[in-house]
Amino acid sequence: MEEIEVHNLTKDYGNQKGIFDVDFSVKKGEVFGFLGPNGAGKTTTIRHLMGFIRPDKGHALIQGMDCFEKREKIQKKLGYLPGEIALIDNMTGTGYLNFMAEMKGLSDRRYMDELIGYFELDPRGKIRKMSKGMKQKIGIVSAFMHKPDILILDEPTSGLDPLMQNRFIDLIMKEKNRGTTILMSSHIFEEVEKTCDRTAIIRSGRIAAVEDMNYFSKRKKKIYTVTFEDERKAAVFGETVGNILKSVDGNRVCLNISGRPGEILQKIALADPVDVEIKTQSLEELFMHFYDEEDR
């Protein structure tokens with residue numbers, strides 16, 4: 001069952017800014033990544049899902065309801081974390097969270113308190129004096145505290161330190177196990193790789209691909225850095241490896257390897273290098289390579 005549906009969604013701001021014929025869907029209980037560089041159209045798409053913008057063409061649906069026409073009803077069902085959090089600066093964090101709990105009709109606030117402890121948040125101070133990370137934690141608690149069936153998260157770990165980013169990933173996995181449907185835009189490739197079932201790549205306002213995460217995992221290559229005694233040996237070896245050659249830099253040769261490594265390992269052994277370093281391509285490097293392919 002599709003919980004979120006986006007069909008031919010278009011918002012044209014002119015000068016090739018906006019989104020154009022965006023099309024994807026998110027199944028019930030799925031964690032769906034939404035990746036792309038700044039200005040690609042991630043936030044514009046999410047603002048349509050929240051009913052903040054009327055599309056020029058196409059439509060967005062949540063649980064079969066039009067996101068603009070039924071925005072008040074839909075917003076009550078969702079947990080939403082905006083990319084740019086706008087809190088009420090004169091309130092304390094505690095006052096703001098209690099205010100949001102009342103708006104959501106949340107009488108049992110034990111889970112809210114649990115999340116406050118989980119993210120080591122002290123919400124007693126004035127929001128205007130809080131750091132970006134503290135404000136982000138308040139936004140996360142507000143989005144999750146009523147245990148919504150659908151979460152829409154725009155750059156959710158922005159401003160969090162690595163420890164809190166890992167805790168957020170663990171929280172997403174708990175929600176996934178609970179059956180929550182999650183749409184998450186992100187620049188943190190690790191959190192997408194660890195949590196998402198499928199991912200859409202958006203660039204220049206258009207969907208470039210929607211793929212299962214296993215597809216990207218299988219495309220990840222290993223980078224072999226082979227070091228020789230001198231530049232001459234490196235150059236000779238570089239001429240023997242064919243299209244897996246990435247670069248020759250002095251006495252170091254870099255190779256892109258996918259599939260079984262047996263044959264190339266034999267070649268490396270025969271060339272008698274002084275060192276071999278093997279690194280798996282990161283998801284970020286894979287996506288950047290994907291963008292390069294699209295440009296070509």
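This note sets out points on two nonpolar cores and two buried residues in a predicted model.

1. Local features in this predicted model need pLDDT of at least 70 and side-chain atom pairs count only at pLDDT 80 or more, while totals for chains, interfaces and linings use all residues. Residues are numbered from 1 along each chain as its sequence is written, and side-chain values use heavy atoms, with hydrogens and water left out.

2. A nonpolar core here is a set of buried Ala, Val, Leu, Ile, Met, Phe, Trp, Tyr and Cys residues joined through side-chain atoms within 4.5 Å, where buried means under 20% relative accessible area (1.4 Å probe, protein chains only). The largest such core has 38 residues, and Phe 144 and Leu 153 have the most contacts inside it. Its largest share, five residues, comes from helix H5 (residues 132-144), a helix being a DSSP run of H or I with at least four residues, numbered from the N terminus. A second, separate core of 24 residues includes Phe 34, Leu 49, Leu 78 and Ile 152.

3. Val 141 lies in helix H5 and counts as buried, at 0% relative accessibility. Leaving aside neighbours within four places in sequence, Val 141 is in contact (heavy atoms within 4.5 Å) with Leu 97, Met 112, Leu 115, Ile 116 and Leu 121.

4. Arg 198 is placed in strand E9 (residues 198-203), a strand being a DSSP run of E with at least two residues. Arg 198 is also buried, with a relative accessible area of 15%, and among the residues that it touches, not counting those up to four places away in sequence, are Ser 25, Phe 32 and Met 213.

How values were computed
Buried means under 20% relative accessible area, exposed over 50%, partly exposed in between (1.4 Å probe, protein chains only).
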